[in-house]
Amino acid sequence: MCADVPSAGTLLTSLARTSELTMHIFAAIVGLLIVLSVLLDAFETVVLPRRVQRSFRLTALFYRITWRPWAKLAGHIKSLSRRETYLSYFGPLSIIFLLVVWAASLIFGFALLQYGLGEHLRLGSEKISFGALLYHSGETFFTLGYGDIVPNSWMARALAVFEAGMGFAFLAVVINYIPIIYSTFADRELEISLLDSRAGSPPTATEMLNRLGCCPDGRVLDEIFRDWERWSASVLASHLSYPVLSFFRSQHSNQSWLGALTVMLDVTSLVIVGVDGIRSEQAKLTFAMARHAAVDLAQVIHAEYNPSPPPRLSTPELEQLRNTLAANGLRLRQDDAGDLKLAKLRSLYEPYVQANAERLLITLPPWVRTEKKKDNWQSGPWDKMIQKKEPAGSLVLDDHF
């Protein structure tokens, strides 16, 4: 007797079932990978307090994709204040959009997992489409619980319960993550605001030494350097844990965390080279911590090395710096060895702060003030009206009190 030969219809049906099974398995694997990748990325971004050196990360890709067009549009804004206002929106908005990307990815991943389980959901007499699966995943993730789509197997029920738990965890992330970011931002900005009266607006190393280096008590400048050593360490720790803080702009357009860090490196470099009457022990410690922050944060924001950056301090500007300090009774070391030492110190940090500045579109402060400007604390919207009403000979504060 001849063996039964399967008909063409049977073969097609078998192939269709095999193809459908393969598609379900593939969808389940992809969905599982998406869910695990998003959960790992959220953990590394929100919970893990250190820099992740893995080559691919969803959050890093998100900021790389979104920052470039945002920065390119900023380049077309001529007004500095308007450009800074525009750039200041990116940090807060990026947090919101990142949370949306995480939520949407998890919903899509769980929908693929439900699709991979097969026909384990019921919607009355209607056939379950992938669009319905996305809807079911979304209402489960946000725990809406309409009950119009019902899981009818233990695997589908377990997956729905797990997704609902992820929804609660996501809500907890939103509730805790944003306040932590703003609290850390406020702590960072405190010392930057204090720098206004100490080093000018924008701050410069020369102005800081002119205002504080002449103090007869050398402990005053040492204490300020000590505060900035702690501030540099705090900025390093917070920006490693929450890289989005690098994109948060300061409250004034002529201030920035990178500008403040650069001023500290500039002024401690001058003290280390040698300024008569000023001790360099604490300056060396502050320089080391500030340089550490500049180097590590350049890697966090993926700054690119520029082999030929524009010079920040030319020979004529160095001479002007010396003359400005001398006019206030401060004498900077003036010999070839001193110039070589200053150049060496600058080479340790300037490539990093300049790369950071190019990446974040931040203008670095100059070494010497090129024009006389009021500090931020000296300016107010009513000043002109008040001055008109003041009688002649009334007391006016000078630039340095």
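**Entry 1: burial of T184**

I began with the term itself: a residue is called buried when its relative accessible area is under 20%, exposed when it is over 50%, and partly exposed in between. I keep in mind throughout that this is a predicted model. I then looked up T184, which lies in helix α6, a helix that covers residues 154-199. T184 has a relative accessibility of 17%, and therefore it counts as buried. Leaving aside residues up to four places away in sequence, I noted that T184 touches S238 and L245.

**Entry 2: salt bridges across the chain**

I next searched the whole structure for salt bridges and found 16 of them. I wrote down several in detail, beginning with the one in which the side chains of E44 and R57 meet, with an N to O distance of 3.2 Å. This pair links distant parts of the chain, since E44 sits in helix α1 (residues 8-47) while R57 belongs to the loop between α1 and α2 (58-74), and the two are 13 residues apart. When I checked their accessibility, both E44 and R57 turned out to be buried.

The side chains of R279 and D222 also form a salt bridge, here at 2.6 Å from N to O. I placed R279 in the loop between α9 (257-274) and α10 (281-300), and D222 in helix α8 (residues 218-241), so that the pair, 57 residues apart, again links distant parts of the chain. Are these partners buried or exposed? R279 counts as partly exposed because its relative accessibility is 45%, whereas D222 has a relative accessible area of 10% and is therefore buried.

A further bridge joins R312 to E350, whose closest N and O atoms are 2.9 Å apart. Here R312 lies in the loop between α10 and α11 (315-327), E350 lies in helix α12 (residues 336-360), and 38 residues separate them, which I recorded as another link between distant parts of the chain. I found R312 buried, and E350 buried as well. I also noted that E207, R211, R369 and D375 are joined into one network by salt bridges that share partners.

**Entry 3: enclosed space**

Last, I asked how many cavities of 30 Å³ or more the structure holds. I found 1 such cavity, and the volume of the largest cavity is about 30 Å³. Its lining is made up of I192, L195, D196, G200, P203, Q255 and S256. Sorted by class, I entered this lining of the largest cavity as 3 nonpolar, 3 polar and 1 charged residues.

Key
Residues numbered from 1 in each chain as written. Predicted model: local features only at pLDDT ≥ 70, side-chain atom pairs only at ≥ 80, totals over all residues. Heavy atoms only, no water. 1 Å grid on protein atoms, 1.4 Å probe; cavity = no way out; pocket = protein on both sides within 12 Å on 5 of 7 lines; lining within 4 Å. Points joined across faces, edges and corners; volume = space filled by probe spheres on them. Nonpolar A, V, L, I, M, F, W, Y, C, P; charged D, E, K, R; others polar. Helix = DSSP H or I, 4+ residues; strand = E, 2+ residues; numbered from the N terminus. Buried < 20%, exposed > 50% of the residue type's maximum accessible area, 1.4 Å probe, protein only. Contact = heavy atoms within 4.5 Å. Salt bridge = Lys/Arg side-chain N within 4 Å of Asp/Glu carboxyl O.
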